[in-house]
Amino acid sequence: MLHALKLGGFAVFTVSQKHLKSGDSESFGMKYYESMNRLITRGAWKPIIHEEFVKYHGVSHDNFAASAEKYSLLVFQKV
């Protein structure tokens, strides 16, 4: 993804917070946390925004969400 960005370009994505924990057993083997931190450490991109929100999945017959999960909105800028 980083190679597709021009210098100063933005990477914007959302990801479930369960995938942002460090360690394979907690993050379902995704390693998003480690990968994002590695790119920050080596100076490839810098974090701009990290906002948390709740995503509701489905609506039941009484108009209430069937389930909810915490997500993060992440914005990084290529430097």
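Of the 79 residues of the protein chain in this predicted model, 25% count as buried. The chain exposes about 5,700 Å², and carbon and sulfur atoms supply 56% of that area. Among contacts between residues at least 6 apart in sequence, 56% join residues at least 24 apart.

The secondary structure of the protein chain comes to two helices and three strands, which follow one another along the sequence in the pattern β-α-α-β-β. The mean pLDDT of the chain is 86, and 85% of its residues reach 70 or more. Among the elements, β1 has the highest mean pLDDT, at 94, whereas α1 has the lowest, at 56. Where pLDDT is low, the predicted coordinates should not be read in detail.

**The aromatic residues**

A search of the whole structure finds three aromatic pairs. In one of them, the rings of Trp45 and Phe76 have their centres 4.1 Å apart and their planes at 10°, and because planes under 30 degrees apart count as stacked, this pair is a stacked one. Trp45 belongs to strand β2 and Phe76 to strand β3, so the pair ties together parts of the chain that are 31 residues apart in sequence. Both Trp45 and Phe76 are buried, and together with Phe13 they form one aromatic cluster.

Trp45 has a relative accessible area of 4%, and it counts as buried because this value is under 20%. Leaving aside neighbours within four places in sequence, the residues in contact with Trp45 include Phe13 and Phe76 of the cluster, as well as Met1, Leu2, Ala11, Met36, Leu39, Ile40, Gln77, Lys78 and Val79.

**The surface**

On the outside of the model, Phe10, Val12, Ile48 and Ile49 make a nonpolar surface patch of about 360 Å². Strands β1 (10-16) and β2 (45-59) each supply at least two residues of this patch. Phe10 is placed in strand β1 and has a relative accessible area of 47%, so it counts as partly exposed, a class that runs between 20% and 50%.

By the rule applied here, the count of salt bridges comes to one. The side chains of Lys18 and Glu69 meet in this salt bridge, at 3.6 Å from N to O. The pair links distant parts of the chain, with Lys18 in the loop between β1 and α1 (24-27) and Glu69 in strand β3 (residues 65-78), 51 residues apart. Lys18 has a relative accessibility of 36%, so this residue also counts as partly exposed.

His3 is placed in the segment before β1. With a relative accessible area of 79%, His3 counts as exposed, because the value is over 50%.

**Separations between selected residues**

The table sets out two pairs by the separation of their C-alpha atoms and by their distance along the chain.

| Pair | C-alpha separation | Distance along the chain |
|---|---|---|
| His3 and Lys78 | 9.5 Å | 75 residues |
| Trp45 and Phe10 | 9.0 Å | 35 residues |

In the second pair, Trp45 is buried, whereas Phe10 is partly exposed. In the first pair, His3 is exposed, while Lys78 is among the residues in contact with Trp45.

How values were computed. Residues numbered from 1 in each chain as written. Predicted model: local features only at pLDDT ≥ 70, side-chain atom pairs only at ≥ 80, totals over all residues. Heavy atoms only, no water. Patch = residues over 30% accessible without salt bridge, like charges linked within 9 Å, V, L, I, M, F, W, Y side chains within 5 Å. Areas by Shrake-Rupley, 256 points an atom, 1.4 Å probe, with all protein chains shown as cover. Salt bridge = Lys/Arg side-chain N within 4 Å of Asp/Glu carboxyl O. Helix = DSSP H or I, 4+ residues; strand = E, 2+ residues; numbered from the N terminus. Buried < 20%, exposed > 50% of the residue type's maximum accessible area, 1.4 Å probe, protein only. Contact = heavy atoms within 4.5 Å. Phe/Tyr/Trp six-rings, centres within 6.5 Å; stacked < 30°, edge-to-face > 60°. pLDDT = per-residue confidence, 0-100.
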